[in-house]
There are 2 protein chains.
Amino acid sequence: MRTALVIGTGLIGTSAGLALAGRGVTVHLVDHDPEQARTAAALGAGTDDAPEGPVDLAIVAVPPAHVAATLADVMRRGVARGYLDVASVKGGPRRELEALGLDLSAYIGTHPMSGREKSGPLAATGDLFEGRPWVLTPTRDTDTEVLNLALELVALCRAVPVVMDADSHDRAVALVSHMPHLVSSMVAARLEHAEEAAVRLCGQGIRDVTRIAASDPRMWIDILSANPGPVADLLADVAADLDETVQALRALQSSDEAKRREGVTGIEDVLRRGNTGQIRVPGKHGAAPTVYESVVVMISDQPGQLARIFADAGMAGVNIEDVRIEHATGQQAGLVQLMVEPKAAPVLTAALRERGWAIRQ
Amino acid sequence: MRTALVIGTGLIGTSAGLALAGRGVTVHLVDHDPEQARTAAALGAGTDDAPEGPVDLAIVAVPPAHVAATLADVMRRGVARGYLDVASVKGGPRRELEALGLDLSAYIGTHPMSGREKSGPLAATGDLFEGRPWVLTPTRDTDTEVLNLALELVALCRAVPVVMDADSHDRAVALVSHMPHLVSSMVAARLEHAEEAAVRLCGQGIRDVTRIAASDPRMWIDILSANPGPVADLLADVAADLDETVQALRALQSSDEAKRREGVTGIEDVLRRGNTGQIRVPGKHGAAPTVYESVVVMISDQPGQLARIFADAGMAGVNIEDVRIEHATGQQAGLVQLMVEPKAAPVLTAALRERGWAIRQ
């Protein structure tokens, strides 16, 4: 790939431009707001001059509702050898394009699984896609040349290509992103009118479950509006589990011993299925889940404490895989939980103890 | 308080013994398994010799199902001036004691909000309760002297006392702990039979929502069995939200513009209520939620990288409030998100840039 045209210079389009331009591709930038395209160009994502002839790849990075019309326009004008979009839902845009009667052999629908809480060209970075999955949805009609252009884009952005069909993709993002988001909101919604004394008892569990409920509703309405069917199906499955669990809990209150045993069986079933599903969630390396051991260190809330811990861990040759800091409620002391490979845990514990740290057993 | 009797030397009883003994209280330890009491004594939690006369405070730290019978026994024998239990549910045990016709003026039900994934005396630590809420449930019949003994215990354990009535407590833990736990299991359960390609797309959102679904089902069956009513009521509320959300999503698929608008309103409603509830979740300091700013640094997956970052932050006088490490999928590079007070963010960014770190905008 020598030349590319990025249409829509928001977060994703500008980040792709930065990655491609940084690896020697000539990138042309266009946006319905010329000011945005100028900003992206000023950041180094390419040039806002129009290309003189067809480019190798046109990357359509406009909001989901405009994808089909924009693609139809540029494909009819023949601005590129290959065309792709980066919208977060893939079935609908494809069906819209088919309905327009376009030849889709030069088109491939894609979805980079990278996002940020910020948007617009100023939030863009050339490393946005590094190591993240980038879904490609070729069909039997997709030209191999176009698939290869898409794979080259993904490689230049240092992302990991994952091939799926469009509808499987939409069901997958409903499962791993859209459904959990709504459920998190529903748990958080229970706190809306809760008594202050109850809210004070919140710990790390509910904090984690409700973290994503803090997101911008407007963005999520757009996302959910583009994928309502698969999300509704999954929520209906959750609702069935919920109803069974409520019945099981009610059975636990029964005076009938056999009913109570049924209740225990029902509760155990949902907890065990949760165990089985949770184990499948990939760890941060994206590989099979790695079981780390944690070493818990007491610290005071002063600058430099963490630096000393990490320096001491580094001197012991131990790589910290993950960190969780739990400060004590209303206190100036806290705990740092260091996650390390199981074989490194005794090494780290000994090294930190030797250097005077209080380690929790 | 000069003397205490800990009955049940598991995680909580032994930890309380360690905290009290460390602050000069004479602690007597007893367990239905004398070996457990000997272990707790060997760890420094007190003595397994029987007290010669009544102690100041008897702390009943036996499993929930045995609380009432154990309390009835020791209260009838008059082993202490005051009695408390530490079970995670408070309404049921109180009603059992009332049914036994005991004078409850010398008794107070309590619940330290401290837990670990491990159990038994070997998992105990004298700092288990530090900075954590410890719920006290006095009634109008509770002697002030007994309330003060409980407050002294909480202070000696460096916990934060929170006074509630027993049923409010049970509803509160259903809200902030038991209900979120079951919902997390239900989200995770959806992954049980999911396609591998879909599971590969999991990101930090679903990872956080499903983290607590990894817990031991046996322990959670005990917890939920002791509090089925309030948990069922909350799950029924979640079920009502779920049903409305499924209907709103189905409306989004309608060809009728007015119906689609209704769907958007329904989705927006649950997302906004989620926002409102999430904001109330206390941060790790247990105070009103502090809004930190994040500074995101690129690292390679080598020992010493984090040490250098924290050392550099320490030299700039910046206190890191929280850390999240996000490694790139299948790559040896990753991002470290450093949470700091808003005013410290530009200081930290400048200091790290100056020392050669790549900071994400």
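**Note on the predicted two-chain model**

1. Chain A contains an open sheet built from seven strands, arranged in the order β2-β1-β3-β4-β5-β6-β7 and paired in a mixed sense. The edge positions belong to β2 (26-30) and β7 (160-163) of chain A; each has a single partner strand, so one side of each is left without a neighbour in the sheet. On average, and with direction ignored, neighbouring strands of this sheet are turned by 25° against each other. The reader should bear in mind that this is a predicted model.

2. The general dimensions of chain A may be stated next. Its secondary structure amounts to 13 helices and eleven strands. Along the principal axes, the C-alpha atoms of chain A fill a box of roughly 70 × 60 × 40 Å. Chain A has 361 residues, of which 52% count as buried. When contacts in chain A between residues at least 6 apart in sequence are considered, 68% of them join residues at least 24 apart.

3. Strand β1 (residues 3-7) of chain A is parallel to β2(A), to which five bridges join it. Within this pairing, Ala4(A) lies opposite Val27(A) of β2(A). Strand β1(A) is also joined to β3(A), by four bridges and again with the strands running parallel. There, Leu5(A) is placed opposite Ala58(A) of β3(A). As a point of background, side chains in a regular strand alternate between the two faces of the sheet.

4. Strand β3(A) is mostly covered, with five of its six residues buried. A parallel pairing over five bridges connects β3(A) with strand β4 (residues 80-85) of chain A. In this pairing Ala58(A) has Tyr83(A) of β4(A) as its bridge partner. Ala58(A) thus appears in two pairings, facing Leu5(A) and Tyr83(A). Together with helix α3 (residues 67-77) of chain A, the strands β3(A) and β4(A) make a right-handed β-α-β unit.

5. Is helix α1 of chain A largely enclosed or largely open? Of its twelve residues, eleven are buried, so α1(A) is largely enclosed by the rest of the structure. The buried residues include Leu11(A), Ile12(A), Leu18(A) and Leu20(A), and also Gly13(A), Thr14(A) and Ser15(A). The elements that cover them include β1, β2, α2 (34-42), β3 (55-60), β5 (107-112) and α5 (144-156) of chain A.

6. As to its geometry, α1(A) comprises residues 11-22 and reaches 16 Å from its first C-alpha to its last, close to the 16 Å expected at 1.5 Å a residue. Just after this helix, Gly24(A) adopts a positive phi of about 90°.

7. Chain B also contains an open sheet of seven strands, in the order β2-β1-β3-β4-β5-β6-β7 and with mixed pairing. Its edges are formed by β2 (26-30) and β7 (160-163) of chain B, each with a single partner strand, so one side of each is left without a neighbour in the sheet. Neighbouring strands of the chain B sheet are turned against each other by 25° on average, direction ignored. Within this chain, strand β4 (residues 80-85) runs parallel to strand β5 (residues 107-112), and three bridges join the two. Asp85(B) has Gly109(B) of β5(B) as its bridge partner.

8. How many residues of chain B are in contact with chain A? The contacts involve 119 residues of chain B and 119 residues of chain A. On the side of chain B that touches chain A, helix α10 (residues 228-252) of chain B supplies the largest share, 18 residues. By class, that side of chain B holds 66 nonpolar, 31 polar and 22 charged residues. The size of an interface is often expressed as the accessible area lost when the parts come together.

9. Val173(B) merits a separate entry. This residue lies in helix α6 (residues 166-189) of chain B. Val173(B) is buried, as 25 other C-beta atoms lie within 10 Å; the cut-off for a buried residue is 20 or more. Leaving aside neighbours within four places in sequence, Val173(B) is in contact with Ser88(B), His178(B) and Asn227(B), and with Leu201(A) of the other chain. Although Val173(B) and Asn227(B) are 54 residues apart along the chain, their C-alpha atoms are separated by 9.0 Å.

Key: Residues are numbered from 1 along each chain as its sequence is written. Chains are lettered from A and ligands numbered from 1 in the order in which they are written. This is a predicted model: local features need pLDDT of at least 70, side-chain atom pairs count only at pLDDT 80 or more; totals for chains, interfaces and linings use all residues. Two strands pair if DSSP finds at least two bridges between them. Axes are lines fitted to C-alpha atoms, for helices over the stretch in contact, and angles run from 0 to 180 degrees between N-to-C directions. Two residues are in contact if their C-beta atoms, placed from the backbone, lie within 7 Å. Ala, Val, Leu, Ile, Met, Phe, Trp, Tyr, Cys and Pro count as nonpolar, Asp, Glu, Lys and Arg as charged, and the others, Gly among them, as polar. The expected span of a helix is 1.5 Å times one less than its number of residues. A crossover is right-handed if, with the strands pointing away from the viewer, the path from the first strand over the helix to the second runs clockwise.
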